[in-house]
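Q: I'd like to learn how to read helix packing and chain contacts in a model like this one. Can you walk me through it?

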2 protein chains.
Amino acid sequence: MKNNGPLSGLLVLDLTRVLVGPYCTMILSDLGARVIKVEAPGVGDDSRSFGPFVENQSAYFMSLNRNKESIALNLKNEKDKKIFEKILPKADILVENFKPGTLSRWGYGWESLKDKYPKLIYASASGFGQTGPLKELPAYDMVVQGMGGLMSVTGQPNSEPTRVGTSIGDITAGLFTAIGINAALYNRQKTGKGMYLDIAMLDCQIAILENAIERYLTKGEIPKPMGSRHPSISPFEAFKTKDSYIVIAAGNDKLFEGMCEVFNLDLHNNIKFKTNADRNKNIDELKKILEIKLQQNSTAEWCKILEEKKIPCGPINNIKDVVESPQTEARNMIVSAMHNKIGKFKMPGNPIKMSLYKDPTTRGDIPDLDQHREKILKEFDI
Amino acid sequence: MKNNGPLSGLLVLDLTRVLVGPYCTMILSDLGARVIKVEAPGVGDDSRSFGPFVENQSAYFMSLNRNKESIALNLKNEKDKKIFEKILPKADILVENFKPGTLSRWGYGWESLKDKYPKLIYASASGFGQTGPLKELPAYDMVVQGMGGLMSVTGQPNSEPTRVGTSIGDITAGLFTAIGINAALYNRQKTGKGMYLDIAMLDCQIAILENAIERYLTKGEIPKPMGSRHPSISPFEAFKTKDSYIVIAAGNDKLFEGMCEVFNLDLHNNIKFKTNADRNKNIDELKKILEIKLQQNSTAEWCKILEEKKIPCGPINNIKDVVESPQTEARNMIVSAMHNKIGKFKMPGNPIKMSLYKDPTTRGDIPDLDQHREKILKEFDI
């Protein structure tokens, strides 16, 4: 399948595994780049052993590595190094998420490559970055979710530690790495120069702390988990209805007034609830009043009524609900790719919809470990 | 302050407000672009009224809008439209996060601009996207966190609805929009053409659902919140210690064996815990065994011992801990910018560290509403 997109014609040498790196190179592939994934011989990407499994194949691995080619190379072995060094000069982008120092030990650190390949864009994603006192430490998503402060503001008040239900530590860093690589590509077009990118998962956690970090930096407050409540906008949380919950996010005075009209409640003229600052102060009282009203109808009924008045609201969907939503289908957000053993496999699509390029409903094949060795050796004249 | 980076020399016309759009244009600014923020006269960006406040200035707004210039324009007013249309031809990138259709009504939809400005990159970020049955609905972060399935997998088992403690619905979409814009810039260098980008917050939520969505797509399972536990890797969660909690993420067999050696526990040879699949099955039993051991020391003591053996682990830091961490300082992840009333203001830095460009400790000034009107009118000869 020809890979069409802004990055078509570019070659990514993908030395990544598990999530942060593979998520980044998946995006590069969705944008049109060709990705050659270099995996450790024998076991391959660690995530090939992560569940859920379909016929012994990791659905976790498959969902992240569609449309990549796989070659198994031991970068400490002389013969494999020769193969790698034949591909390297053709690469536009090298992405890796080893612990800092690993590739340098094998002779492939940025310092060794930059003079030989001045146009190469070399991106390293790691737990703590290439600098600083913690740089040597290994990290996984959970470690940076914990250390980066996000877990300290996620959960119910006084509950056990609560992780974000997806690996946001990895994914956020994968996204920032993809931004850096694309900016570096633009820069290379202008200047002819490649560059090195150093992305730390922990840094990315800090970059997404939003008002929580401002609360500390400006007031010295240490924010705590607040369940579903937003710390500075009210009403902006999940409320109980007759049958389940509804999220209502009336983010400004106009929306609050509109919501009060729907509920036939004269709250927007009440001094306790007039401004967002007032509502924040008196949110517990406001919530009680709203939940009495909301008990009268089901979530679906309330959504219909509120949506008519353009009040931001919605149900708390489970994964089945969101996968089966007509909006998800209309947006082509579930796509498929073929695997040579299990056939057609479904996974999330690309949320970057571009007027110049089609958003195909299928992606290129999912590779078995070392599946493309012969093809690559032949193509690169090895 | 000269703005240096891969995007320097580019002009962003920023029609965004609150979070998804401003987060995206903040990244573009950090990458070197010049950002002119067009705000509604009188009130400006909604987030100017979101707490926390410092001397009546919104810290929320300030943290997202450093290094942008502000001009207040009513895009429905003829006089203001003329000003806008003088700036527009100079813009490389237009970013907006109005409800779909709003800018078209004002005469500035992509359809009206694309022929006149064929090099313009025009990015729309919205709740549900420009297409599909839900496109007309308004959204805020909480709404898409609820509708996109993320809340259904975040929280303690059977707890009240739990939101991710940061506005990950907005931020993720801001990141994908920034990726799309940078890829479009590279594409424009190659082809001379601008393009339209349509990013939906809901799509982005689907794109980050990781193994939760694969569980449903491949097995029909509907995943539920699991507290701090990872659904397919074990051990990978928060454990109780003598004084608090420790996150341990022993993501493969080798790390698990290393962890067992540290604890002097012969678990890696036990048939119940030999492989990741075994450990996933018997995680409750494993957790009990580990927590008996972990009760012997404090979190800090265990971190020191485990880190020596390179076992991924860490404390659950609060926001103060992470802000004051030497790693945060070493990585320049807290930067500052000036505000003309309150002086120096601190906020998160840029996690994209680039070899070709410095990562300054300060950013350009934070704008008051309409602060740059005179300067802009003069510069654009209006």
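A: Sure, and let's begin with handedness: a crossing is left-handed if the near helix is turned anticlockwise from the far one by less than a right angle, and right-handed if clockwise. Keep in mind that this is a predicted model. Here, H1(B) passes H7(B) in a right-handed crossing.

Q: At roughly what angle do the axes of H1 and H7 of chain B cross?

A: Roughly 45°, with the axes coming within 8 Å. Angles under 35 degrees count as roughly parallel and 65 to 115 as roughly perpendicular, so H1(B) and H7(B) are oblique to each other.

Q: Which residues make that contact?

A: From H1(B) you get B:Val20, B:Tyr23, B:Cys24, B:Ile27 and B:Leu28. H7(B) brings B:Asp170, B:Ile171, B:Ala173, B:Gly174, B:Thr177, B:Ala178 and B:Ile181. Sort the residues of this contact by class and you find nine nonpolar, two polar and one charged.

Q: Now for the two chains. How many residues of chain A are in contact with chain B?

A: In general, the size of an interface is often given as the accessible area lost when the parts come together. Here we can count residues: 130 of chain A are in contact with 130 of chain B. Helix H7 of chain A (residues 168–191) gives the most to chain A's side, with 14 residues. By class, that side has 75 nonpolar, 38 polar and 17 charged residues.

Q: Which strands of the two chains are joined by bridges?

A: Look for strand E14 of chain A (residues 353–354) and strand E8 of chain B (residues 196–200): two bridges join them, and they run antiparallel. To find your place there, note that A:Met354 stands opposite B:Leu197 in E8(B).

Technical notes
Residues numbered from 1 in each chain as written. Chains lettered and ligands numbered in written order. Predicted model: local features only at pLDDT ≥ 70, side-chain atom pairs only at ≥ 80, totals over all residues. Axes fitted to C-alpha atoms, helices over the stretch in contact; angles between N-to-C directions. Helix = DSSP H or I, 4+ residues; strand = E, 2+ residues; numbered from the N terminus. Parallel < 35°, antiparallel > 145°, perpendicular 65-115°, else oblique. Contact = placed C-beta atoms within 7 Å. Nonpolar A, V, L, I, M, F, W, Y, C, P; charged D, E, K, R; others polar. Pairing = 2+ DSSP bridges.
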